[in-house]
Amino acid sequence: MKTYKAISVLALLVVVAGLITGCPQKTPAAKEPLKIAILAPLSGDVATFGKSTRDGALLAIEEWNAKGGVLGRQITTVVEDSQCEAEPAASAANKVISQDKVKFIIGEVCSKASIPVSEIATANKVLQISPTSTNPKVTVDEAGKAKPTVFRACFIDPFQGTVGAKFALEKLNAKTAAVLLDQGNDYVRGLAEYFRDAFTAGGGQVVVWETYTAGDKDFSAILTKVKDANPDILYLPDYYSTVNLIAAQANQMGIKAIKVGGDGWDSPDLDKTATAGGFHTNHYSSEDTRPVVQEFVKKYQDKYGSVPDALAALAYDAANILLQAIQSAGTDDPEKVAQAMEKGTFSVVSGDITFDAQHNPKKCAVILEVSPDKVSYKDTVCP
Ligand code: PHE
């Protein structure tokens, strides 16, 4: 009798609870989706970086969802315009963590934005993978120790700067270089310094080293110094929007040095007329004939109608690395996923990747040549 009473009281409670919450008593429900944030610059000076990054990551996620998702859960995304700048990126990271409750962030693109995001991710034990931020400080702290839950899908600038310098010395037979840089940008300053160190170590001479400030539009004062020194090459380690301005003004002043730069040149909006005859280091070439690359290029083109640049390829890779790591960890606990990432080998568009102790993958770089109508593959350099 007593048991019956207890059971009917319980049943009544369940019905009442159901009425209050408005939920009918559930049959085992679909699992909750897994949410991933994408932080990228969708407006401003380097908006092509953000569009490619978002589109590359979304393509990978769509493919996972079509195959049943990850851990049996569908994947949803929160995309934020973090502008390639420290403050908007930090607010976007705080927002997606505290409001959207994400445990995983793909982004940012630019090192100066990824560095503050990495501090927030570390403090909140959220896993961050930057597709393209190449400055060493993104994944390591002041003491040189890897931040436990921060990774990247690209090589780092000490390597990129060395590849650029060796190419200038050995393939362009350069003896002298001018370097122009934005001191306030971690990526630009870092790449300029790594290039300088490798160029001088290889017997070259940096005859002009001049700085400017983000937002400058008139470079004539520092370009006059370049003109007077008449160097073999002009190294411009900034993003395409600034490179476009400097290159056009250098041409106008009759500077003949060959222009050389880094991955920041990679954009459909690079001014190919102004930078023609120049070269830049990059992460990938869409002309790479490996089947995995061509398959990706085709899928991306079918969906978005354009050839994917390195930002799209690396965002696609970053999303795949993250989802493979979640799947193999068997949980969405970011610390466990980070451990799976440390141990795993990931077959992605840019190769078979493993991470070193500082959470950087070992990867080759490509050198691309700019002409007025196209940017073409020139060489591959491996560490
Ligand atoms: N490597 C750049 C940075 O760290 C970002 C970038 C990557 C830009 C690839 C263009 C292409 O800031």
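Visitor: What makes β14 stand out in the lining of the largest pocket?

Guide: Strand β14 gives four residues, the largest share of that lining. Strands here are DSSP runs of E with at least two residues, helices are runs of H or I with at least four, and both are numbered from the N terminus. Along with β14 (374-381), α2 (47-66) and β10 (279-282) each supply at least two residues. A word on the model: it is predicted, so local features need pLDDT of at least 70 and side-chain atom pairs pLDDT 80 or more, while totals for chains, interfaces and linings use all residues. Residues are numbered from 1 along each chain as its sequence is written, and side-chain values use heavy atoms, without hydrogens and water.

Visitor: Why is this space called a pocket?

Guide: On a 1 Å grid over the protein atoms alone, a pocket is an open set of points with protein on both sides within 12 Å along at least five of seven lines, whereas a cavity is a set where a 1.4 Å probe fits but cannot get out. The largest pocket holds about 570 Å³ of space. Its 26 lining residues include Asp266, Ser267, Pro268, Val307 and Asp309, the closest to its centre; a lining residue has an atom within 4 Å of a point.

Visitor: How do you know that the largest pocket lies between domain 1 and domain 2?

Guide: Both domain 1 (34-154 + 288-363) and domain 2 (158-282) give residues to its lining, so the pocket lies between them. The domain bounds come from an automatic or database domain assignment.

Visitor: Which residues are closest to the centre of the second largest pocket?

Guide: They are Asp45, Glu85, Ala214, Ser241 and Thr242, out of 23 that line it. This pocket has about 370 Å³ of space, and helix α8 (residues 240-252) gives the most to its lining, with three residues.

Visitor: Which residues are closest to the ligand?

Guide: Ser111, Thr132, Thr134, Tyr239 and Asp263 are the closest of the 13 that surround the ligand; to count, a residue needs a heavy atom within 4 Å.

Visitor: What makes the pair between Ser111 and the ligand a polar contact?

Guide: A polar contact is a pair of N or O atoms within 3.5 Å; within protein, one must be able to donate a hydrogen and the other to accept it, and residues adjacent in sequence count only if both atoms are side-chain atoms. An N or O atom in the side chain of Ser111 is 2.5 Å from a ligand oxygen, so the pair qualifies. For Thr134, the distance from such a side-chain atom to a ligand nitrogen is 2.8 Å.

Technical notes: Points joined across faces, edges and corners; volume = space filled by probe spheres on them.
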